[in-house]
Amino acid sequence: MDNNEFPEKLYHYCNISAFMSIIKNKCFWLSDTKYTNDKEEICAFKDAVWAALNELVCNKKINEEMANKIWITYVYNTLPGYISCFSEEDDLLSQWRSYGDDGNGVAIGVDFNSLSIERGGPFRMCTNEKKCYGRQVLYINELWKNEIKNIFKKILDGKKI
């Protein structure tokens, strides 16, 4: 998936109570990343940021002082974050078990391409502006590391992200 288009449909797995709330309120709730049910996702991302910074220091692209400043800025600016998760798969056992009330819930199909959600977007919004961004989650640490390294390189080269 590139940053300009989502798959035809994305699916949100939930229990019946959450489904009824979504229908009644006509919105999906966002959850604070501090309360995610998979803490490993946050830790793996932090590990990837740290590894990318270390690689930039080792390759003499930045010095240790700059790496530490970036790290402190990153840690300071990453929480809280608010997310809602969707799957590209409409019938995935792990999603049913974890989010779809062990098969007794629903999977809501959503056409994100018809919504006004900016693709990609920043990892962190630095204003009070309320916007929604869509970004594909990368679960493989090496992919995260390369993506983060590319972002750091763009920043160092003075390019817009």
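This passage describes the confidence, nonpolar cores, aromatic pairs and local backbone features of a predicted model.

The mean pLDDT of the protein is 79, with 78% of its residues reaching 70 or more. Among the elements, helix H1, which spans residues 16-25, has the highest mean pLDDT, at 95, whereas strand S5, made up of residues 118-119, has the lowest, at 70. Over residues 123-127 the pLDDT stays under 50, and for this segment the model has eight contacts beyond four places in sequence.

The largest nonpolar core contains 14 residues, of which Phe45, Val49, Leu53, Ile62, Trp144, Ile148 and Phe152 touch the most other members. Two or more residues are given to this core by each of H2, H3 and helix H5, the last of these covering 141-156, and the greatest contribution is that of H2, with eight residues. The surroundings of Leu53 illustrate the packing: when residues up to four places away in sequence are not counted, Leu53 touches Ile62, Ala67, Ile70, Trp71 and Phe152. Another core, of nine residues, lies apart from the largest one and includes Cys14, Ile22, Ile108 and Phe112.

Aromatic ring pairs form a further set of contacts, and their count comes to four. In one of them, the ring centres of Phe28 and Phe86 are 5.1 Å apart and the planes stand at 75 degrees, which, being over 60, makes the pair edge-to-face. Because Phe28 lies in the loop between H1 and strand S2 (31-32), while Phe86 lies in the loop between strand S3 (82-83) and helix H4 (93-98), this pair ties together parts that are 58 residues apart in sequence. Both rings belong to residues that count as partly exposed, with a relative accessibility of 29% for Phe28 and of 25% for Phe86. A second edge-to-face pair is formed by Trp50 and Trp71, with 5.0 Å from centre to centre and 70 degrees between the planes. Here Trp50 is placed in helix H2 (residues 39-58) and Trp71 in helix H3 (residues 64-78), so the pair ties together parts that are 21 residues apart in sequence. Trp50 is partly exposed, with a relative accessible area of 37%, and Trp71 likewise counts as partly exposed, at 21%. Ring pairs also link Phe28 and Phe86 with Phe112 into a cluster; Phe112 is, in addition, among the residues of the nine-residue core.

Local backbone features were examined at the ends of helices and in loops. At the N-terminal end of H1, Asn15 acts as a cap, with a side-chain oxygen 3.2 Å from the backbone nitrogen of Ser17. Just after H1, Lys26 takes a positive phi of about 55 degrees. Lys60, which is found in the loop between H2 and H3, has a positive phi of about 60 degrees although it is not a glycine; with a relative accessible area of 73%, Lys60 is exposed. A positive phi, near 55 degrees, is also present at Asp102, again a residue other than glycine. Asp102 is placed in the loop between H4 and strand S4 (106-110), and at 56% relative accessibility it counts as exposed.

Key:
Residues are numbered from 1 along each chain as its sequence is written. This is a predicted model: local features need pLDDT of at least 70, side-chain atom pairs count only at pLDDT 80 or more; totals for chains, interfaces and linings use all residues. Side-chain values use heavy atoms; hydrogens and water are left out. pLDDT is the predictor's confidence in each residue, from 0 to 100. Helices (H or I, at least four residues) and strands (E, at least two) are DSSP runs, numbered from the N terminus. Contact means heavy atoms within 4.5 Å. Rings of Phe, Tyr and Trp (its six-membered ring) pair if their centres lie within 6.5 Å; planes under 30 degrees apart count as stacked, over 60 as edge-to-face and the rest as tilted. Buried means under 20% relative accessible area, exposed over 50%, partly exposed in between (1.4 Å probe, protein chains only). A polar contact is a pair of N or O atoms within 3.5 Å; within protein, one must be able to donate a hydrogen and the other to accept it, and residues adjacent in sequence count only if both atoms are side-chain atoms. A nonpolar core is a set of buried Ala, Val, Leu, Ile, Met, Phe, Trp, Tyr and Cys residues joined through side-chain atoms within 4.5 Å.
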